[in-house]
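Open the model in your viewer and keep the selection tool at hand. We will go from one selection to the next.

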Number of protein chains: 2
Amino acid sequence: MSKKLTSRAEDYSKWYNELVVKADLAENSAVRGCMVIKPYGYAIWEKMQAELDRMFKETGHQNAYFPLFVPKSLFEAEEKNAEGFAKECAVVTHYRLQNDPDNPGKLRVDPKAKLEEELVVRPTSEAIIWSTYKGWIQSYRDLPLLINQWANVVRWEMRTRLFLRTAEFLWQEGHTAHATKAEAITEAELMNDVYSTFVQNFMAIPVVKGRKTESERFAGADETYCIEALMQDGKALQAGTSHFLGQNFAKAFDVKFANKEGKKDYVWATSWGVSTRLMGALIMTHSDDQGLVLPPNLAPNQVVIIPIYKTDEQLEAITEVVNGVMKDLRAVGVTVKFDNRDTFRPGAKFAQHELQGVPLRLAIGTRDLENGTVELARRDTLTKEVTDLATITEKVKSLLTQIQDDLYNKALLYRDTHITEVNSFEEFKEVLETKGGFVSAHWDGTTETEDKIKELTKATTRCIPDSFEPEEGVCVFTGKPSKTRVLFAKAY
Amino acid sequence: MSKKLTSRAEDYSKWYNELVVKADLAENSAVRGCMVIKPYGYAIWEKMQAELDRMFKETGHQNAYFPLFVPKSLFEAEEKNAEGFAKECAVVTHYRLQNDPDNPGKLRVDPKAKLEEELVVRPTSEAIIWSTYKGWIQSYRDLPLLINQWANVVRWEMRTRLFLRTAEFLWQEGHTAHATKAEAITEAELMNDVYSTFVQNFMAIPVVKGRKTESERFAGADETYCIEALMQDGKALQAGTSHFLGQNFAKAFDVKFANKEGKKDYVWATSWGVSTRLMGALIMTHSDDQGLVLPPNLAPNQVVIIPIYKTDEQLEAITEVVNGVMKDLRAVGVTVKFDNRDTFRPGAKFAQHELQGVPLRLAIGTRDLENGTVELARRDTLTKEVTDLATITEKVKSLLTQIQDDLYNKALLYRDTHITEVNSFEEFKEVLETKGGFVSAHWDGTTETEDKIKELTKATTRCIPDSFEPEEGVCVFTGKPSKTRVLFAKAY
C-alpha cells in the first residue's frame, strides 16, 4: 500500500479515511460497522483514558461495571429514552448454536435455545444502571452516588466511519444520583467543564461550551450540556455531552431516598460521556497532508531517534550516545523510542514516523558524533535544524511544551475566525456554503424552524454557548423574536 | 441486611456468596448470569489490571481492541475451537426493535431487521483476531506480533456464581504470532511465568505451575500451560492459562509469512488470559468468617483512619493530627482514607472496614491526642495494639510488607500441606473426601481414565507440575504403567 495520502484539499473525507488506516490507528473489521483499533491508535486512546480517569477520580467518582445486556423490558421503562435509543440496536435472541445437520462443519442457531426475553446489547446504560441503583439507594446517606463506567456500546448505524460513527465503540459513561436538583445540575455542569479542560489542555482542541437546544438533547434529559469542536473542513464535531436528567430515570425505575427527616423523594440524576469519537476530533483538528500530527500530551512516543549508519561499528557508537540521550529524556518524563530496526532504511523510518505524527524526530549519524550535534525535526511545522547534543534534553523538553501550545493556538485561531455572525437567511446560507464553520444566528426557539433550516442547509443547532449574553433580535428564518443567538453548523 | 456472615465451616459456598455481596464487591443483575461489579470490587480489579498491564508492556506487548461480535462463519473456520466454544453463546440475530403494534408502550423485535449472518458475542477472540492478523502479517518483518486486549466476553453458563462463573466477565486475552515454533513456545511459557509472578507476588496466592493434560487443554491448543491455586475448602481453582496454539489458527485463517529468503510458511501462535475469576481466587484464599482479607498490594485503601470524638472541637483537633499522618503516609506511597463520615458511628465503621478487608485500621481519640498514641488494628490477624503516633509512618509501612508476606506464607503452608501423594485408588478417594486439596497420583495418560476418575470422584487432572520429575509408576486406577505423577483435585 502506498504511503502517499490524498490531500485534504482534494477530498477531505478520503484524506481522513486513508490517514486512519495508513497511520495504523484503526481499520474496518469482518463485522459490518465494527472497527479494529490497532495498537498505535489504542495507545493514544489509553492516554486519553488515563487522563480522564484521573480527572474523574479527582472529582470524587469511582468506576464500576454493569452488564453488557439490557433486557428489553427495561428499555420500555423510560419512554423518551426508549424512543431515542432502543430501535437501532443489536438484539440477542438465542443463547446457543448447534451443528447444522444439513451442512456438515457448519453451525446454525439452535431453535430450542430462544430467550424468553430478548436482550439488547447496551447502546447506553441508563436503563440497566438505574434498575441497579434502585437497590443501592435508600437514604440520603447513600447520596451522592458518583459512578463512572468504561465500556463498549453498540448502536446499529447504517453509515459508519472509523472512530466517528461505528456500530461498536468504546466510551466512558458517568451516572450519578443526587439528593437535590441544584446538586445534580452542578454535577452536570462540572463534568462538562472537566471535558472542556481535558479536550483543550490535553488534546489541544479548542471547544465551545454550551447547552443543546431541546430538539438536540439526549433522549430522557432535561438539559444537555456539550462541548463543540470545529474540524479543519469547517464542520462541527460534538466532542462530549453531560446531561441533567431531572427525576426522569428515578421515576421510571422508582428510585427514591429518605431525607434526614425521613421524607421520601425521587433522586436527581446526571449522565455524561465521551467516546473513541474523540480520536476523530484529534485527527481532524491537527493533522495535515503528510499524515497525523499529535499533540505531545497524547503521543505514544513524543520523540523518536533514528540512527544513520553504514557499519555495525557506527551503529554501536551511535547506540552508546543514544542510550545516554534516552536516559536523560526519560528522567524528565519524555517518552522516547530508538528506532534501530535493521529491516528498514532511515528514509522509510522518517516517512513512517511523519505519517504517524511523532512530535519530534532526532536523527544521529557518524558525523554528528564527531561534531556533537543532532538533527532535530518538528512534525507540526515540518522544520529541521541541527542542534547541540549537549543541551538536547532541555531543548526537547521546551519544544514539546511549545508544540502543545502552538497546536492549540493554531486550532483556536482557525476556530475563532470561523464563528460568523449573520443576520439574514441569505447570509446564513452563504457563510455556510463558502466559509463553513459556526454560524451565529438568531433563531425563534422552535424545533419546527430548526427542522426546516436543517432540511434546507444541512446545518443543525450545535449549542447555545455559555459565553453568549442575552440579545434581542429576530429569527433569521422566520423573523419572529429571539432572545439569544445560537451556533449553527454542519456537523459530523 | 445483617452484616453477619455465615461461617466457612457452616457452609463455605454460602459464606462466599454472602461475602461478595456484603463486602460490596459484586451482585447479580437483572440479566441472568451477568454481574454488576460494584465500585469497591472494581477498584480491586483495577489494581490487578494496572499491574498486569505493566507486566505485559514490560515484556513487549501492546494493547489493541477487536470487535465484540464474531460472524458465525469465522467460528466454523477452526474446527476444534468451534467445538469447544461456539455452542453456548449469546447470538445476535436482529438489529432493530420497533414499537409493538399490539401492545402500546412495548417494544418487539422488528422481523424485517434480521441479519443475513448471525453474530456471536465473543466467548474468546481467536477467530476474529486471526481473521484480522491475516491482513497484518506478510513478512518476517511483521513478526513477532505481540498483542493484548482488555475486554468483556460472554459464555452462556447455566449455573453461575459471582466472579467464579458468570455469563459475561472481564478479562485480558493475549494473542501473539511468531516466526518459529520455539519462539511461540517460549512466549507461552513466559506468559505463564508472568501470571505466576503476578498471582504469587501481587495477590499473595501460591500457585502450582504446569501443563494441562490433553483433555483439559484449550480447544485449538497444542499445549496449555496453567497456574493452579488451592482454595481454603480444598478445591483447586485455575487462575490463568497460556496456550501454545501451534499453526492451528494460522492454517484455519490462512496466515502465512515470507521469511528472509522469501519462503512462505504459516505463523506460530499463542494466546493467554486471566479474568475477573481471579477476584474469586483472591476472596477464597485469604478471607475469614469476619469478611474479606485483602493483601496490601490489592487493597483500594491500605489504611483507614477513624476518629473517636464527641464534640466538633474534638473532631477538629483529631482532624488536624490525621491530616499530618495522611500526608506522611501518602509521601511513602501508602493509600489511606480518613473515614470522617458523621452519618455512621465508629462501631459501624469498624465493622464495615473489617468486612471489606482494609489491611490496617487506625483509631484516634481525644485521649490519644493527649498521649501521642494511636490504636492500630491488623485485619489479617484481628490483633490490636496502642502505638506511638510519632513513629506511625514507619510502623505502617513495615506492617504492610509484613501482612503481604504473612498472607502468602499462610496460604503457602496450607497449599503445601494439601498436596498428598497417593498410590492406590482407595487412598485417592479417601484423601479427596477427608482432606481435600491436590492429590498427586500416577495416571496412565489416557482421557478414558481421566473421565472415569472424574465420574467416580468429581476430581479432574489439574496439571502436570513443572516441578515434577519423571518417575516410574503405575496408574492408581488402571494399574497401567505411568511415567509421571499428575495433580488431581476437585475444582471450581
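Select A:Val92. Of the residues of chain A, A:Val92 comes closest to the rotation axis, with its C-alpha at 2.1 Å. This is a predicted model: local features need pLDDT of at least 70, side-chain atom pairs count only at pLDDT 80 or more, and totals for chains, interfaces and linings use all residues. Residues are numbered from 1 along each chain as its sequence is written, while chains are lettered from A and ligands numbered from 1 in the order in which they are written.

Now select both chains. A turn of 180° and a shift of 0.0 Å along the axis lay chain A on chain B with an RMSD of 0.0 Å (least squares on the C-alpha atoms of residues with pLDDT of at least 70 in both). That relation is a two-fold axis. The same surface serves both copies: 100% of the contact residues of chain A recur in chain B.

Next, the interface. Here 56 residues of chain A are in contact with 56 residues of chain B (C-beta atoms, placed from the backbone, within 7 Å).

Go back to the axis and select residues 91-94 in both chains. Which residue of β5(B) is the bridge partner of A:Val92? The partner is B:Val92. Strand β5 of chain A and strand β5 of chain B pair in the antiparallel sense over three bridges. Strands are DSSP runs of E, at least two residues, numbered from the N terminus; two pair if DSSP finds at least two bridges between them.

Last, colour by pLDDT, the predictor's confidence in each residue, from 0 to 100. Chain A averages 96, and 98% of the residues score at least 70.

Key
Contact = placed C-beta atoms within 7 Å. Helix = DSSP H or I, 4+ residues; strand = E, 2+ residues; numbered from the N terminus.
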